[in-house]
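Got your viewer open? Here is a short tour, one selection at a time.

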Amino acid sequence: MHDRTAIFDRCRTSALTRVLSFLGASLPRNLHPPGPGNETGHWEPEAAVHLNDRILSMARTSVNDLYGPLETWFQTETANGFVDEMKQLIRTEFLDERLFVFKDPRTALLFPLWRRALVQLDVRCVTTIISRNPVEVALSLADRQTKAMPGQLWPLERGGLLWLRYTLAAERYTRDSIRSFCLYSDLMKDWRKVASQLARELRVSWPRPPSQADGDICNFLSAQLRHHCEPDNVGSRPGIWSSWVAPIYAALCSTKDGREPNRGIFDAVGQSFAEACVGVRPTSAPEDFSARAPHPAEARAANDEPLDQKSLCLVGSAFWMSGGGAGDLNIILEAAAGAGFSVTIVQAPSGGAAQDAIPEQHLDIQYCDPSLPPIEPAFLRPTVELFRHLRSRHFDVVLFQDHEALGFASVIAKQAGLAFEKTLLGVVAFGSSRWRRETNGEFPTNPVPIATEYVEQKALELSDIVVLPSREIAQWMDEAGWQLGKALSLQEIVDTSSSEVNVWASVIQQLRYVEHRTVAQRDDGTSSNKVTIVIPHFDQPRLLDENLTALMHQTDMNFSVLVIDDGSKSAEAAHYLATIEERYEALNLRLLRQDNLFLGAARNAGIRAATTDFIILLDDDNVPFPDMVKTLRRAILMTGADVVTCGIRHFHDPPEGRQFDREHCGPDQFFSGGPVLLGAIHNCFGDASGIYRKSVFDKVGYFHELRGVTFEDWQMHLRIVTAGLRLLSVPEPLVWYRVRPTSMLRTTRRYDNARVIASTIKQLPCSMLEPLADYLMGSEAELVRLYGEIARLTANQRS
């Protein structure tokens with residue numbers, strides 16, 4: 001008996017996936033961002049898109065080739081080697097959801113492997129095959145390709161052949177599965193009938209009744225969603241349309257009322273199409289993967305020979321734009337080839353155009369897609385987007401440039417156990433921002449350079465390995481007091497009599513044998529690792545209930561909950577709180593009551609009442625992600641930190657009667673965790689949402705209890721850091737942060753709030769604010785420059 005069901009949406013339309021999610025089927029946690037031609041969203045797991053592309057490349061095909069993997073390839077060791085990775089992806093993206101929908105068109109070509117993974121996870125797999133007029137699909141593909149690559153020719157026939165390729169694979173690979181066929185046009189006309197049909201044929205019950213989802217689905221399935229509307233007389237078009245496409249589309253249109261399509265038609269067209277593809281299989285269109293010469297490792301993998309190469313990823317333009325430009329990269333590539341590494345280059349979001357500077361040879365060059373929701377603050381955007389890009393791929397070694405702290409989020413994520421367990425993360429010290437600034441005798445003119453310099457230093461100090469190609473920079477880092485810890489220093493390799501090729505050959509050869517950093521602690525599941533979640537509450541029972549409902553769906557339930565009611569006065573709150581312990585007995589929930597003493601006092605009461613070594617603080621109007629407890633507990637145990645905060649995803653309450661649509665909320669806000677100077681003028685530490693060792697409060701005291709004054713979380717974190725304790729913020733949003741005009745932050749006076757920060761700064765020793773002098777001088781110089789520029793422009797206007 002299966003407890004969980006996966007619905008595989010098998011064709012090239014996003015509409016059905018979104019409708020199923022409105023009916024209660026869970027979407028993946030990390031969605032592939034919307035793109036040209038599909039601005040409303042693809043609703044696909046981003047990691048699956050990248051994994052499927054990688055699998056297709058090993059099978060010597062790609063997403064836009066006219067042929068798919070040979071059926072015999074699915075039985076090879078290479079193919080079977082991806083199943084464990086697929087299983088881990090399903091666990092990560094869908095956690096323990098009982099009903100979820102999985103959509104990526106590539107799964108139509110790779111369904112035998114995905115089904116194998118689901119069987120091993122004991123997840124029941126059912127499939128939907130939704131068919132859209134193939135001419136409309138071809139027109140949409142042409143539009144999308146033109147937007148993505150202006151000037152590229154994309155004939156309508158090619159779109160028709162891709163529709164055929166994916167449809168044939170979807171039908172053939174699901175013949176022995178529970179499946180249901182439907183039409184895109186029917187979904188647009190009467191989605192309720194389609195939903196009823198799918199529930200009946202797939203043997204599922206929708207967690208959210210269609211009557212409740214009505215408003216959301218009707219608003220989503222607007223006329224604007226359908227960019228093309230073509231007649232169904234596909235057979236009137238000559239060539240491939242009448243010979244191959246029209247018979248298949250007609251067979252699909254006859255599948256109403258639970259009927260299966262005519263398999264004889266599919267087999268006949270499939271055989272004819274396969275025979276025609278034999279002639280084109282060795283060569284694909286220019287933009288496809290197989291147009292480039294295959295890497296030797298890929299060639300061996302296609303024949304299922306064992307791979308002996310390791311994979312090296314270079315991140316940042318410094319590898320090909322510093323010093324000798326492409327010549328530097330040629331040296332590194334030559335050294336990598338000699339050491340048995342295949343090389344991938346990842347273009348940083350803020351970097352220059354890689355293809356203009358990289359030497360002409362066959363390389364895997366990857367680009368980061370912009371993240372949705374957007375990321376704040378801007379100086380952390382490149383490193384977070386790179387982390388999201390890299391975590392869905394596997395490399396043996398990743399080397400980041402030091403400038404712009406491109407590796408910061410990835411290094412923190414590895415320390416916290418979020419990703420990269422089997423990947424060596426290194427930083428190459430080409431020259432950090434601070435080294436460049438001090439070498440040039442410049443001052444920081446605003447807080448952003450100060451923040452950037454801090455995260456650059458942390459990325460170097462916390463990485464597995466630091467490569468120091470310059471004695472000058474190595475000496476400067478030593479004099480500046482940078483602590484590289486157990487990072488492998490390779491500066492002794494650099495000798496003026498050695499050629500650059502030999503230097504890099506020595507460096508890269510050693511990368512094969514460098515051991516990863518060991519973590520501070522691991523979660524052994526003992527009682528000392530238990531967690532109490534402390535939730536202050538005042539007169540907003542509806543929001544508190546949404547919070548507690550989300551806690552019921554945590555992937556790690558080894559915690560208890562303390563709700564501290566801060567003197568709620570409404571009848572609604574009194575009625576709700578009267579039965580809260582009974583209704584949430586599964587959370588080991590205990591209710592504490594006190595007079596209205598304000599937020600800080602309520603938090604402090606919960607902290608004092610907690611009997612566990614770890615405490616998670618959570619405001620009653622926020623909503624935790626399903627893996628909040630698991631991720632925070634693991635992070636604090638693996639890093640040994642005293643406090644771990646997290647990213648937050650902003651959202652607004654939906655209009656009355658509408659379901660909250662979290663996919664279009666944002667931004668995602670992240671925190672650098674320092675330095676102290678930045679933390680004295682801006683909260684760079686995180687929201688109160690995080691995990692704390694209870695001993696922290698014994699060392700630094702409790703939250704301030706001033707009535708009508710907030711910034712209590714910011715002040716607490718500043719006190720923790722200046723006391724010499726370690727605070728770390730993971731680059732992952734774990735809490736939905738509710739934005740309301742009536743929130744404390746927006747109903748209190750900022751000047752009064754800032755007094756608590758000023759009171760903490762007053763107690764700091766001057767040495768902690770050492771960079772302040774340079775910052776003030778730089779700010780003054782920048783003001784003088786700006787005033788001078790204004791005076792010059794004013795004078796020019798008058799003349």
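## Stop one: a loop residue

Select Ala 59, which sits in the loop between helix 2 (46-58) and helix 3 (77-80). Keep in mind as you zoom in that you are looking at a predicted model. Is Ala 59 buried or exposed? Its relative accessibility is 7%, and residues under 20% are classed as buried, so Ala 59 counts as buried. Now show what touches it: beyond its neighbours within four places in sequence, Ala 59 is in contact with Pro 69 and Trp 73. Add Leu 70 and draw a C-alpha to C-alpha distance; you should get 7.9 Å to Ala 59, for two residues 11 apart in sequence.

## Stop two: helix 10

Next, select residues 210-220, which make up helix 10. Colour Ala 213, Asp 216, Ile 217 and Phe 220, the buried residues of this helix. They are on the same side of helix 10, because the arc they cover around the axis is only 100 degrees. To see what covers them, bring up helix 1 (15-22) and helix 9 (191-202), which are included in that cover.

## Stop three: helix 21

Move on to residues 471-479, helix 21. Which residues are buried here? Ile 473, Ala 474, Trp 476 and Met 477 are. These four span an arc of only 160 degrees around the axis, so they lie on the same side of helix 21. Show helix 19 (433-439) and helix 20 (447-462) as well, since the buried residues of helix 21 pack against them. Then spin to the face turned away from the buried side: Glu 472, Asp 478 and Glu 479 are the exposed residues there. Just past the helix, check Gly 481, whose phi is positive, near 85 degrees.

## Stop four: a surface patch

Switch to a surface view and pick Leu 783, Leu 786, Tyr 787 and Ile 790. Together they form a nonpolar patch with about 400 Å² of accessible area. Leu 783 belongs to helix 33 (residues 772-798), and its 40% relative accessibility makes it partly exposed.

## Last stop: colour by confidence

Finally, colour everything by pLDDT. The protein's mean is 82, with 81% of residues at 70 or more. Residues 281-307 stay under 50, and the model gives them 48 contacts beyond four places in sequence. Residues 490-499 are also below 50, with 19 contacts beyond near neighbours in sequence. Where pLDDT is low, don't read the predicted coordinates in detail.

Note on methods:
Residues numbered from 1 in each chain as written. Predicted model: local features only at pLDDT ≥ 70, side-chain atom pairs only at ≥ 80, totals over all residues. Heavy atoms only, no water. Buried < 20%, exposed > 50% of the residue type's maximum accessible area, 1.4 Å probe, protein only. Helix = DSSP H or I, 4+ residues; strand = E, 2+ residues; numbered from the N terminus. Arc of directions from axis to C-beta. Contact = heavy atoms within 4.5 Å. pLDDT = per-residue confidence, 0-100. Patch = residues over 30% accessible without salt bridge, like charges linked within 9 Å, V, L, I, M, F, W, Y side chains within 5 Å. Areas by Shrake-Rupley, 256 points an atom, 1.4 Å probe, with all protein chains shown as cover. Salt bridge = Lys/Arg side-chain N within 4 Å of Asp/Glu carboxyl O.
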